[in-house]
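Thanks, everyone. I'll keep this short. Let me put the structure up.

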Amino acid sequence: MPSEKKSSPQVEGQLRHILRIPQAVYKATGIVVNGRRIKSFVFTTDLAIIRNCDADAVFAVYPFTPQQAISDAIIKASYIPVFCGVGGGTTRGMRTVSLAKDVESQGAMGVVLNAPITNLNLRAVAMAVDIPVIITVTKEDTDIAARLANGASILNVACALQTPRVVAKIRADFPDVPIIATGGRTEESIAETIAAGANAITYTPPSPAELFKAMMEKYRE
């Protein structure tokens, strides 16, 4: 008879408060990047959260023009791999290529491009770096075949409530393409996205303000 699978031993310190990724994430197959299996991405640029969570990697994308100083600080402070946003929306053209080369030299494990980027620009970035290029998918009618043909290594599906349906459609058409997807904050929504075909999940953690509020409520008890 097969032996029962044993749980992993837990070793923790007295002072570290770890932000836990929802357990449903670990039902995903993961994506192996240069020998490292990644199932969970924490979607944040907050260094305190990055240093105190149990995610497999960081999805460092933010709503401002990418800056080398920011990516350098995140990569240096993080002890888990970092995938850096390098533009594709407001920031385009050769600047995205330059930023991609910069974050690769800083130690990023991959680069993330926003959905508006052209296929020509995507190809230029993919030719400039030797790390995975992640392309964000925000609409169901995205030409996935063209994105892959122009150098995308991994798809990042971010279609809000439609994400599971779009993931399922892509998975039916492209059985082997690596897919990261937003999974929401609940175990149920994450499980639904994984069942649709996502290999890994980006998880948006509570903000520091929300975490502080919960902590202060405990202090007041």
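I'll go through the overall fold, then the cysteines, then two backbone spots.

First, a caution. This is a predicted model. Every value I quote is computed from it.

Start with the overall picture. The protein chain has 8 helices and 10 strands. Its C-alpha trace spans about 55 × 50 × 35 Å along the principal axes. How does the radius of gyration fit a compact globule? For 221 residues, such a globule would come out near 17 Å. The protein chain has 18 Å, so the two agree.

Now the packing. Of the 221 residues, 44% count as buried. Look at contacts between residues at least 6 apart in sequence: 54% of them join residues at least 24 apart.

Next, the surface. The accessible area of the protein chain comes to about 12200 Å². Carbon and sulfur atoms account for 55% of that. As for charge, there are 23 positive and 20 negative charges in the protein chain. The mean positions of the two sets lie 3 Å apart.

On to the cysteines. How many disulfides does a search of the whole structure find? The count is 0. Why is cysteine 53 not bonded to cysteine 84? Cysteine 84 holds the closest cysteine sulfur, but that sulfur is 15 Å from the one in cysteine 53, too far for a bond. For scale, the cut-off for a disulfide is 2.5 Å between the sulfurs. The view from the other side matches: cysteine 84 is in no disulfide, and its nearest cysteine sulfur is that of cysteine 53.

Are these cysteines buried or exposed? Cysteine 53 has 5% relative accessibility, so it counts as buried. Cysteine 84 is buried too, at 1%. The threshold for buried is under 20%.

Last topic: the backbone. Most residues other than glycine have a negative phi. Here are two residues to check against that.

Take asparagine 34. Asparagine 34 is not a glycine, yet its phi is positive, about 50°. Where is it? Asparagine 34 sits in the loop between strand S1 (31-33) and strand S2 (36-38). Its relative accessibility is 70%, so asparagine 34 counts as exposed.

Then alanine 160. Alanine 160 also has a positive phi, about 55°, without being a glycine. Alanine 160 lies in the loop that runs between strand S8 (154-157) and helix H6 (163-173). At 63% relative accessibility, alanine 160 counts as exposed. The threshold there is over 50%.

That's it from me. Over to you.

Note on methods: Residues numbered from 1 in each chain as written. Predicted model: local features only at pLDDT ≥ 70, side-chain atom pairs only at ≥ 80, totals over all residues. Heavy atoms only, no water. Helix = DSSP H or I, 4+ residues; strand = E, 2+ residues; numbered from the N terminus. Rg over C-alpha atoms; globule rule 2.2 N^0.38 Å. Buried < 20%, exposed > 50% of the residue type's maximum accessible area, 1.4 Å probe, protein only. Contact = heavy atoms within 4.5 Å. Areas by Shrake-Rupley, 256 points an atom, 1.4 Å probe, with all protein chains shown as cover. Lys, Arg positive; Asp, Glu negative; His and termini not counted. Charge placed at Lys NZ, Arg CZ, Asp CG, Glu CD.
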